[in-house]
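This report looks at internal cavities, one helix and the overall fold. The structure comes first.

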Amino acid sequence: MKRTAVAVSAVALLLPLSACGGSAEAGSGSTVTVTVGYQSKTINTVTAGTLLRSLGYFEKQLNSLHDGHTYKVDWQDYATGAPITAQMTAGKIDIGSMGDFPLLLNAARGKQLGRPTHLVSVTGYNLRGGLNTVVTSPHSKLSTLKDLKGEKVSTSVGSAADGTLVRALQRAGIDPDKGISKLNQQPAVGASALSAGSVDALSQFVAWPGLLAYQGRAKALYDGAQLNLPTFHGVTAREDFVQQRPGVLEAFLKAQAEATDYLNAHPVAASEKVAEATGLPAEVVYLYNGAHGIATFDPAVKPQLVSALKQDVSVLKAAKLTGDIDVDSFVDDQYVKKALGSSYAKRLAAAAAPAASEVWPKGSEKTVSFKSAKELLAYLAAHQAGIRAAYVPDATTGTLWFADKAVWVADGDQLLPFVTPATAQAYVTAHGGARTVSYRDALERAS
């Protein structure tokens, strides 16, 4: 079916603003361009970005408006939330998606520059904070967060991953400003720095930690879920844009809900689509976005997430990145409530999928779930040649990780996986007779 609303071509993007429009405010005649800023490789936002774009649901919703306009969607891809905020406050992006800390900076900059924005929906979240991880090189001698004292650590200042690093260091008794040498780097730059040995650790958001672990370029040092504080990504929209075209925002939120339902109903297919669009391995995408992945997707604005956002303000203030932020005035869920109608209450009350071990067999469009990690290991031992990926939840935090990258503990008949050496050691210390074992040993014990 031919679509009226299509993504703006690269050639069209080079035309003057008055010709094609840089935002929904612009446009000649009956043609309106809606500009959406997203982060294709920040796969916690795919229901408002990469997957949504791939499925074409937003364009279809715009086509159904029948309000006398022809709509075009200009999808603009960025590595982090900061440039999206810069473009929004310049009036060049209408709708954007980013993490919790960047959302707060978005709110602050918008108000400061007279171009206020509002958080209108949520994309992916983890109520314990497992979306952010600190990793080190595979052969690093660092084993706990306390080992970072005096070391060089790369992160993106002002990001959710930076917030996790700051809080984790504080809990470990390390001054986040003076106790480490912090390098403010884009995720890809930080990943290269870690591989080159110019930094000792990297604190980043999805999908970088999982990607580097999958590639054998890093190992986990700190699981963000150890903080037990919610972290999430969400959708922000310019207030003037929403006031001018509320129907367009409603169309976007309906499309986001459709993309969310597609991801939840077809997690493997969704991961394949995101992998194709981003170049990320589908196995890494599934780690976060799968049926029992680290991220849970739902557009509803949960009170727990708003509460966490308020707690995040103090971290940004301490870093002198912003002053006070009125979170209550920034959060505006009226549009997503209207878009989702009677289903909103159900979505708001929905809980994350319980932790589970999964195997993705080669050539299969479905994964196989197991009640315990030991059962998964027994399956792997018997089907080693036919496995695409295997995932296990940390025995204490529930954070999903690759089975062959996990730290394994044998406790009697139990075989328990952990994301980091520190969480594994904490368990061993608290359980007499328990001890860490290699992945190979765990497989042999389970077979």
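## The second largest cavity

The lining of the second largest cavity divides into six nonpolar residues, three polar and one charged. The model is a predicted one. This cavity has a volume of about 50 Å³. Its lining residues are F101, G158, S159, D162, G163, V166, V315, L316, A319 and L321. Two elements give two or more residues to this lining: α7 and α14 (303–318). Of the elements, α7 gives the most, with three residues.

## The largest cavity

The structure holds three cavities of 30 Å³ or more. The largest has a volume of about 80 Å³. Its lining is made of 14 residues. T164, R167, L229, P230 and T231 are the ones that lie nearest the centre. Two elements each give two or more residues to this lining, α6 (100–112) and α7 (160–171).

Here too α7 gives the most, with four residues. By class, the lining of the largest cavity divides into five nonpolar, six polar and three charged residues. Helix α7 thus appears in both linings, as the top contributor to the largest cavity and to the second largest.

## Helix α19

Which residues of helix α19 are buried? Helix α19 runs over residues 421–430, and its buried residues are T423, A424, Y427 and V428. They lie on the same side of α19, because they cover an arc of only 140° around the axis. An α-helix has 3.6 residues a turn, so residues three or four places apart point the same way.

On the other side of α19, T429 and A430 are exposed. The cover over the buried residues of α19 includes three strands: β16 (407–411), β17 (414–418) and β18 (435–437).

## The whole protein

The protein has 20 helices and 18 strands. Its C-alpha trace spans about 75 × 50 × 40 Å along the principal axes. How does the radius of gyration agree with that of a compact globule? With 447 residues, such a globule would have a radius of gyration near 22 Å; the protein has 22 Å, which agrees.

Buried residues make up 57% of the 447 residues. Here buried means under 20% relative accessible area. Contacts often join distant parts of the sequence: among those between residues at least 6 apart, 74% join residues at least 24 apart.

Key. Residues are numbered from 1 along each chain as its sequence is written. This is a predicted model: local features need pLDDT of at least 70, side-chain atom pairs count only at pLDDT 80 or more; totals for chains, interfaces and linings use all residues. Side-chain values use heavy atoms; hydrogens and water are left out. On a 1 Å grid over the protein atoms alone, a cavity is a set of points where a 1.4 Å probe fits but cannot get out, and a pocket is an open set with protein on both sides within 12 Å along at least five of seven lines; lining residues have an atom within 4 Å of a point. Grid points are joined across faces, edges and corners, and a volume is the space filled by probe spheres set on the points. Ala, Val, Leu, Ile, Met, Phe, Trp, Tyr, Cys and Pro count as nonpolar, Asp, Glu, Lys and Arg as charged, and the others, Gly among them, as polar. Buried means under 20% relative accessible area, exposed over 50%, partly exposed in between (1.4 Å probe, protein chains only). The arc is that of the directions from the helix axis to the C-beta atoms. Contact means heavy atoms within 4.5 Å. The radius of gyration is taken over C-alpha atoms; the globule rule is 2.2 Å times the number of residues to the power 0.38.
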